[in-house]
Amino acid sequence: CIYPVNYVSTLAEKLADLNADNVGGVWNTLPACNSIICQAIAVASSSAFGVGNSLHKTGASEIVQTDTVPFGCFRRDLFDRIGYFDTDLIRNQDDEFNARIIKNGGTIFLIPEVVIDYYARENLAKMSKMYYQYGLFKPLVNKKIGAPATVRQLVPPLFVSGIIVGTILSIVFPVVLPVFIAALVLYMLISVIASLEEAFKHRSALLFFLLPPVFFLIHLSYGWGYLTGLVKFFIM
C-alpha cells in the first residue's frame, strides 16, 4: 500500500470530530503489474459483485458509519476497554476486532477523503489463496464474537454449498436438475452483466471475458475456505 501524506493527521482529526472508536480510509485498488490478468484481479477485488457491499473496497462519496475499515486509527483507551488484537487469527484480525468494537457499542466510520493505493495480488493463485484464508478464519471470528459479523460473508459459503448440494440432488433426483441449472444460469448472467459494466467503465473488451472466471474464483475460494473453517473450528 501507499498512504497519503496526511493519513495519520486526518484520521486522528476525524477520530476526535466523530467521537468514534475507529476510523479508516478507502482503497484505490490497483493492479500489481500492467498485465490484463492483474487488471482483472484488481477490478474484481473492488467490484460490488466480487466482494459485496464492503465500502472501503467499492468506494463511498461521504463519511459513513460502517462495520469495518482497513488499517484503522483507534483511540488508545479502546484497547483497555475491549482488549487487544486476537493472535489466534492468522487472517481477519481486524474484522474480529471491529466486530468486537460494534458488539461493545462502539462506532466505526469510513473517511472517503483518505485514499490508500492498495495493490492487489499479482496472479490468480495468490488471489485464490488470500480469499481462501479470508474464508477459512471467518468461522473462528464468528465463534469468538458469537454471531456472523456481516451478512455478506455468508453469501459465498451458501453459493458453494448450493453447488455441492445441487449437484448431488441433481444426480439422485433428476427432477432437481432444471432448477439447479437455472440457478447456475442466473449466477452466470449476473456475472456477465457485472463484467460488461466493468469492461465499459475501464474501456477494455478483454476484461469482459476475464472477469467472470475471476469472480467465480473469488467466490469459490472464499466459500470453500469458509466451509473448511466450519469443519476445522466447530467440528474437529
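## Overall architecture

The protein chain holds 10 helices and four strands. Along the sequence they run α-β-α-α-α-β-β-α-α-β-α-α-α-α. The radius of gyration is 19 Å, and the globule rule gives 18 Å for 236 residues, so the chain is as compact as a globular protein of that length. This is a predicted model.

The C-alpha trace spans about 60 × 45 × 25 Å along its principal axes. Of the 236 residues, 42% count as buried. Contacts reach far along the sequence. Among those between residues at least 6 apart, 76% join residues at least 24 apart. The chain exposes about 12,400 Å², and carbon and sulfur atoms supply 66% of that area.

## Helix α1

Helix α1 covers residues 7-17. Its buried residues are Y7, T10, L11, K14 and L15. Viewed down the helix axis, these fall within an arc of 135°, so they line one face of α1. The face turned away from this buried side carries V8 and D17, both exposed.

What covers the buried face? The cover for the buried residues of α1 includes three strands: β1 (22-30), β3 (73-74) and β4 (108-119). After the helix comes N19, which has a positive phi near 50°.

## The largest nonpolar core

In soluble globular proteins, nonpolar side chains tend to be buried together. Here the largest nonpolar core has 36 residues. L11, V23, Y131 and L211 touch the most other members. Several elements give two or more residues each: α1, β1, α2 (36-44), β4, α7 (124-145), α8 (155-172), α9 (177-202) and α10 (205-235). The largest share, eight residues, comes from α10.

L11 links the helix to this core. This residue is buried in α1 and is among the core members that touch the most others. Leaving aside residues up to four places away in sequence, L11 touches V23, G24, G25, F71, C73, I111 and V114. One of these partners, V23, is itself among the core members with the most contacts to other members.

## A second core

A separate core of nine residues also exists. Its members include V26, I82, I108 and L110. Strand β1 spans 22-30 and strand β4 spans 108-119, and both strands give two or more residues to the largest core.

Terms used: Residues are numbered from 1 along each chain as its sequence is written. This is a predicted model: local features need pLDDT of at least 70, side-chain atom pairs count only at pLDDT 80 or more; totals for chains, interfaces and linings use all residues. Side-chain values use heavy atoms; hydrogens and water are left out. Buried means under 20% relative accessible area, exposed over 50%, partly exposed in between (1.4 Å probe, protein chains only). The arc is that of the directions from the helix axis to the C-beta atoms. Contact means heavy atoms within 4.5 Å. A nonpolar core is a set of buried Ala, Val, Leu, Ile, Met, Phe, Trp, Tyr and Cys residues joined through side-chain atoms within 4.5 Å. The radius of gyration is taken over C-alpha atoms; the globule rule is 2.2 Å times the number of residues to the power 0.38. Accessible areas come from the Shrake-Rupley method with a 1.4 Å probe; for residues, only the protein chains shown count as cover.
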